[in-house]
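I opened this notebook page to record what I looked up, going from the whole chain to single residues.

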Amino acid sequence: MRAVGAGVSQTRRVFIALPVLNEIENIELLLDRIDASLGETPYIVCVVDDGSRDGTRDYLAQRRAQTPETLAVIERTKTQHGSQRGGALYAALEWGLANTDCDVFVEIDGDLSHRPEELPAAIRTLDEPGVDVVIASKFVDGSQVINRPVGRELVSLVCSWAVHIFLSRSVRDYSNGYRFYTRGKVVTSRWHDSNAGVNLGFPTHK
Ligand SMILES: Nc1nc2c(ncn2[C@@H]2O[C@H](COP(=O)(O)OP(=O)(O)OP(=O)(O)O)[C@@H](O)[C@H]2O)c(=O)[nH]1
Ligand SMILES: [Mg+2]
């Protein structure tokens with residue numbers, strides 16, 4: 001972790017969970033943009049790779065050797081068909097709780113679909129009283145959706161609408177994986193996850 005600086009509240013230490021599978025075309029630029037966006041704010045990115053075969057692993061090993069204080073890598077082997085993004089996210093958050101004292105936890109995708117330049121503003125929102133979860137939304141004024149099939153957009157819209165109506169009026173984009181949590185909320189969500197089957201977007205399975 002690096003020294004304190006400007007950009008985000010100086011007391012914040014930021015943990016970024018980054019699930020990846022075959023992201024060699026994006027990973028370097030993404031990590032560079034995260035670094036530039038956070039400036040001198042102390043942070044660590046925890047990448048969980050489920051068996052990339054396109055050189056992502058080699059790149060991460062090389063980058064980690066250069067910047068061990070800001071990059072952790074968990075290498076796993078894929079055990080199921082389909083995306084294991086949820087399980088990878090869970091693994092990263094568990095690692096972050098056990099191995100860091102970060103007080104802000106972020107999940108972000110590795111395909112550059114989420115803009116790292118928005119990190120400081122979203123993290124600052126967590127400073128507001130009573131806020132412990134922030135979800136970047138495709139459905140607020142000023143948002144732009146680029147290169148997304150209409151079908152996916154529709155599923156996202158319906159799912160978010162249902163959550164907004166039936167679960168929480170403050171959630172506008174439930175399907176968006178660009179999220180920010182206080183450490184306390186990560187801890188209590190884990191508890192809900194394992195004990196009550198309720199979750200705030202964390203996976204219900206590993
Ligand atoms: N660790 C891990 N990461 C995965 C897995 N599948 C996808 N990912 C990563 O999870 C993130 C989101 O995956 P996407 O395939 O883009 O899923 P999506 O954003 O719902 O789908 P698109 O709208 O097509 O982009 C990316 O960073 C992927 O590299 C997986 O099985 N394991
Ligand atoms: Mg994506």
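The entries below cover the fold, the sheet, the surroundings of the ligand and two backbone angles.

**Entry 1, the chain.** I noted at the outset that I am working with a predicted model. I counted 6 helices and 6 strands in the protein chain, and, reading along the sequence, I found that they follow the pattern β-α-β-α-β-α-β-α-β-α-β-α. Of the 206 residues, 31% count as buried. I also looked up the contacts between residues at least 6 apart in sequence, and 76% of these join residues at least 24 apart.

**Entry 2, the sheet.** I traced an open sheet of 6 strands in the order E3-E2-E1-E4-E6-E5, and its pairing is mixed. Strand E3 (71–75) and strand E5 (133–135) form the edges, each pairing on one side only. On average, neighbouring strands of this sheet are turned by 15° against each other, with direction ignored.

I then followed one edge further in: E3 pairs with strand E2 (residues 43–49) in the parallel sense, over 5 bridges, and here I found Val45 opposite Leu71 of E3. Helix H2 (residues 56–66) packs on the sheet, where it touches strand E1 (14–20), E2 and E3, and the direction of H2 makes about 145° with that of E3.

**Entry 3, ligand 1.** I listed 18 residues around ligand 1, of which Pro19, Asp50, Gln84, Ala88 and Gly110 come nearest. When I sorted the shell by residue type, I obtained 5 nonpolar, 4 polar and 9 charged residues. E1, E2 and helix H3 (85–99) each supply at least two residues of this shell, and I had already met E1 and E2 as strands touched by H2.

**Entry 4, positive phi angles.** I looked up two residues that have a positive phi although neither is a glycine: Asn22, at about 55°, and Leu112, at about 65°. Asn22 has its place in the loop between E1 and helix H1 (27–38), while Leu112 is found in the loop between strand E4 (104–107) and helix H4 (119–125).

Are these residues buried or exposed? I put Asn22 down as partly exposed, because 18 other C-beta atoms lie within 10 Å, and a residue counts as buried only if there are 20 or more, and as exposed if there are 12 or fewer. Leu112 is likewise partly exposed, because 15 other C-beta atoms lie within 10 Å.

Technical notes: Residues are numbered from 1 along each chain as its sequence is written. Chains are lettered from A and ligands numbered from 1 in the order in which they are written. This is a predicted model: local features need pLDDT of at least 70, side-chain atom pairs count only at pLDDT 80 or more; totals for chains, interfaces and linings use all residues. Two strands pair if DSSP finds at least two bridges between them. Axes are lines fitted to C-alpha atoms, for helices over the stretch in contact, and angles run from 0 to 180 degrees between N-to-C directions. Two residues are in contact if their C-beta atoms, placed from the backbone, lie within 7 Å. A residue is near a molecule or strand if its C-beta atom, placed from the backbone, lies within 6 Å of it. Ala, Val, Leu, Ile, Met, Phe, Trp, Tyr, Cys and Pro count as nonpolar, Asp, Glu, Lys and Arg as charged, and the others, Gly among them, as polar.
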